[in-house]
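Work through the exercises below with the sequence and the model side by side. Try each task before reading its solution.

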Amino acid sequence: MKSPVLALLFTLVQMSRPGLSGPIITQDPGSVTGTEDGEVTIPCTVIEGPPGLVRWYRDTGSDRQYLYSTGTPPPNERNDPRVSQVHQNHPTDLSIRIVNLTLRDSGMYYCEKYTVFDGTLIASGAGSRLSVQALPPPIITQDSDPVTGTEEGEVTLLCTLSREGPAGLMRWYKGTGSSRQHLYSTAAPLPNERNDPRVSRVSPNQPTDLSIQIVNLTRDDSGMYYCEKYKGGDGTLIASGAGSRLSVQEKFRPPVIEGPQGRVLAGNAVLLTCRSNGPLGTKFTWKKNNGSVPGEQKTVQLQTAKEDIRSTVTCETTHPTTQQTLSSEPYSLGASITVKPNVSIEANPERVKVNESISLTCRARGFYPGRVNVSWVQQGGAEELAAERGENVENEDGTFSRDSVLNVTVTQELSAATVSCRVQIEGLLETVQREHTLVMTDPIPDPEPVPVLGSEIAIPVAVTLVVLIALLLAVGLYCRFRAGKKKAEIVRATVLSNETHEKELTYASLDLKKSSRRSMKIAESEICAYAEIKGAKARGVKASADITYASLDEVNLKKKEPGGGRGGEPPGGETEYASVNFRKN
């Protein structure tokens with residue numbers, strides 16, 4: 001850098017040149033007025049003089065403060081960021097502009113000219129007085145009337161500044177005091193706070209419009225909302241709105257149909273209620289299977305039938321203000337009615353003998369709903385019998401059917417016992433029950449008592465005949481092999497009766513019912529041995545009715561019709577006969 005002496009000599013040389021004089025600085029006007037938070041231009045014009053930088057200072061003496069320089073600031077100084085040159089690189093107009101004025105900016109401002117080489121002051125202006133006027137704080141205006149929103153909808157909360165004011169952020173809060181909650185900020189929120197993602201600024205490029213929009217409203221969003229303006233730099237609160245009251249109404253939703261608590265038997269009336277969150281004056285319209293139902297009340301009473309298990313009912317509501325109409329989900333009448341089952345029992349076989357099995361099928365037909373319980377119990381017993389429960393089968397009309405099979409071995413103890421099939425279905429307090437009595441085949445009647453060796457032993461007639469035929473056969477064989485033709489006798493107590501004829505033959509008669517002796521005439525032409533058994537006459541059989549007659553001819557037993565045996569029809573029509581025939585020797 002050149003010495004001060006050289007600089008001075010250079011300046012004197014320049015000034016001594018013909019036609020040149022020292023630089024002149026004018027600051028006209030000598031006073032300017034600015035407004036708080038606004039901006040102002042302070043004039044400075046340099047006339048003639050050598051090139052060099054210009055500096056601005058505020059006040060003089062001990063209050064002198066560096067403000068701005070067109071070149072490098074002096075050591076330990078810096079330009080005020082609010083100050084800028086009005087015309088850059090202009091040779092004579094060195095005026096400056098100051099923005100964001102404050103009351104402290106009021107004072108005298110001086111423009112000074114310095115040399116290029118050593119920065120020597122060669123001219124100074126008379127100064128301009130700046131007066132910064134104070135402004136009333138900005139006023140925030142919010143909605144004076146309550147703002148109404150709807151669930152899941154959106155709403156705008158207004159906030160307007162009376163003037164632009166100083167730069168600084170804007171914040172929104174909900175509530176006051178301990179319930180105060182941060183909602184939104186145009187700058188970074190305070191620690192432990194965050195912006196609600198549903199909130200955005202309506203006009204981000206309008207410095208006086210601080211309104212916000214909230215979307216996806218909920219009932220919890222109802223409350224007071226406050227808009228606040230802060231000063232930049234120190235973050236001082238400079239304005240706050242009186243608050244806006246937001247009321248979020250419940251969304252007008254589709255109605256819901258409520259049926260009775262329990263079920264009613266098909267054929268009875270059912271009461272339905274249409275639940276809606278609509279306001280007073282909401283209109284109700286009922287439809288059944290898309291057909292209109294009389295009445296526009298909140299409740300309706302409908303008569304039901306078996307066919308209604310597949311019927312549907314809807315309720316429509318119309319908002320009295322918006323005229324919006326919403327419809328409920330279809331309500332199935334089948335959810336409110338019960339169809340009583342038709343129950344029967346089938347037995348296979350119908351009659352059984354002791355220790356034989358019987359299959360009982362309980363058939364429940366045409367019931368609704370499908371939740372049913374089929375059980376078997378024995379008369380007088382509470383314990384349920386083990387049976388096949390079966391599965392539901394849906395019928396064409398929407399009702400159900402089910403079979404339950406009970407297999408029982410009928411013991412002597414169960415003879416004539418009664419079992420019951422019980423069907424329990426939702427909606428019926430009583431149980432539908434059918435009974436069945438186990439039936440056994442008629443037992444074989446006891447035979448007439450037969451006296452044997454002085455004792456009475458009850459033997460079935462068929463067994464008695466077989467035994468006697470065998471006995472007679474033995475007698476006949478015995479007679480054949482004897483040398484002479486002797487009588488054959490069968491003596492049972494006092495029931496013996498025999499008679500010897502002129503012919504050589506053997507005849508034996510056994511009357512099981514009479515104890516007196518009797519003789520019978522046998523045709524002389526008969527050439528065979530003859531044996532007779534008398535028994536009781538069959539009940540209900542006339543004397544002319546068929547009887548049983550059997551003969552053994554040469555050891556061949558065959559049945560002969562009455563009157564067809566050798567020797568003619570045996571005497572009497574009330575007996576059964578057996579004969580043993582042998583050829584005479």
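Two strands pair if DSSP finds at least two bridges between them. The model used here is predicted.

**Exercise 1. Describe the chain as a whole, beginning with its helices and strands.**

Solution. Step one is the count: the chain has 2 helices and 50 strands. Step two is burial: of the 585 residues in the chain, 38% are buried. Step three is the surface, where the accessible area is about 33,400 Å², with 50% of it belonging to carbon and sulfur atoms. Step four turns to contacts with a separation of 6 or more, of which 58% join residues 24 or more positions apart.

**Exercise 2. Find how S38 and strand S39 pair, and place them in their sheet.**

Solution. S38 and S39 (residues 400-410) are joined by 2 bridges in the antiparallel sense. The rule asks for at least two bridges, so the two strands count as paired. Within this pair, Val393 is opposite Ser401 in S39. Next comes the sheet: 4 strands make an open, antiparallel arrangement, in the order S33-S35-S39-S38. Strand S33 (342-348) and strand S38 (393-394) are at the edges; each has a single partner strand, so one side of each has no neighbour in the sheet.

**Exercise 3. Which residues touch the most other members of the largest nonpolar core?**

Solution. The core holds 43 residues, and those touching the most other members are Leu272, Trp286, Leu360, Trp376, Cys421, Val423 and Leu438. Strand S35 (residues 356-367) supplies the largest share of this core, 5 residues. Now take Val423 by itself. Leaving aside residues up to four places away in sequence, Val423 touches Pro341, Val343, Ala364, Val372, Asn373, Val374, Thr431 and Val432. As background, nonpolar side chains in soluble globular proteins tend to be buried together.

**Exercise 4. Classify the ring pair of Tyr57 and Tyr66, then look for charges over rings.**

Solution. The count of aromatic pairs is 3. For Tyr57 and Tyr66, the ring centres are 5.6 Å apart and the planes stand at 75°. Planes over 60 degrees apart count as edge-to-face, so this pair is edge-to-face. Both Tyr57 and Tyr66 are buried. Arg64 lies over the face of Tyr57, 3.5 Å from the ring centre. A further case is Arg55, whose charged end sits over the ring of Tyr114 at 4.8 Å from its centre. Elsewhere, Phe367, Tyr368 and Phe400 form one aromatic cluster.

**Exercise 5. Is strand S17 largely enclosed or left open? Is Arg194 buried or exposed?**

Solution. Begin with S17 (residues 181-185): 4 of its 5 residues are buried, so the strand is largely enclosed by the rest of the structure. Its antiparallel pairing with strand S16 (residues 170-174) runs over 4 bridges, and Trp172 stands opposite Tyr184 in S17. The hairpin of S16 and S17 has 6 residues between the strands, and Gly175 takes a positive phi near 80° there.

Then move to the loop between S17 and strand S18 (199-201), where Arg194 is found. The relative accessible area of Arg194 is 61%. The cut-off for exposed is over 50%, so Arg194 is exposed. Arg194 still has contacts: apart from residues up to four places away in sequence, Arg194 touches His182, Leu183 and Pro189. Arg194 and His182 are 12 residues apart in sequence, with their C-alpha atoms 7.4 Å apart in space.

How values were computed
Residues are numbered from 1 along each chain as its sequence is written. This is a predicted model: local features need pLDDT of at least 70, side-chain atom pairs count only at pLDDT 80 or more; totals for chains, interfaces and linings use all residues. Side-chain values use heavy atoms; hydrogens and water are left out. A nonpolar core is a set of buried Ala, Val, Leu, Ile, Met, Phe, Trp, Tyr and Cys residues joined through side-chain atoms within 4.5 Å. Buried means under 20% relative accessible area, exposed over 50%, partly exposed in between (1.4 Å probe, protein chains only). Contact means heavy atoms within 4.5 Å. Rings of Phe, Tyr and Trp (its six-membered ring) pair if their centres lie within 6.5 Å; planes under 30 degrees apart count as stacked, over 60 as edge-to-face and the rest as tilted. A charge sits over a ring if NZ of Lys or CZ of Arg is within 6 Å of the ring centre and within 35 degrees of the ring normal. Accessible areas come from the Shrake-Rupley method with a 1.4 Å probe; for residues, only the protein chains shown count as cover.
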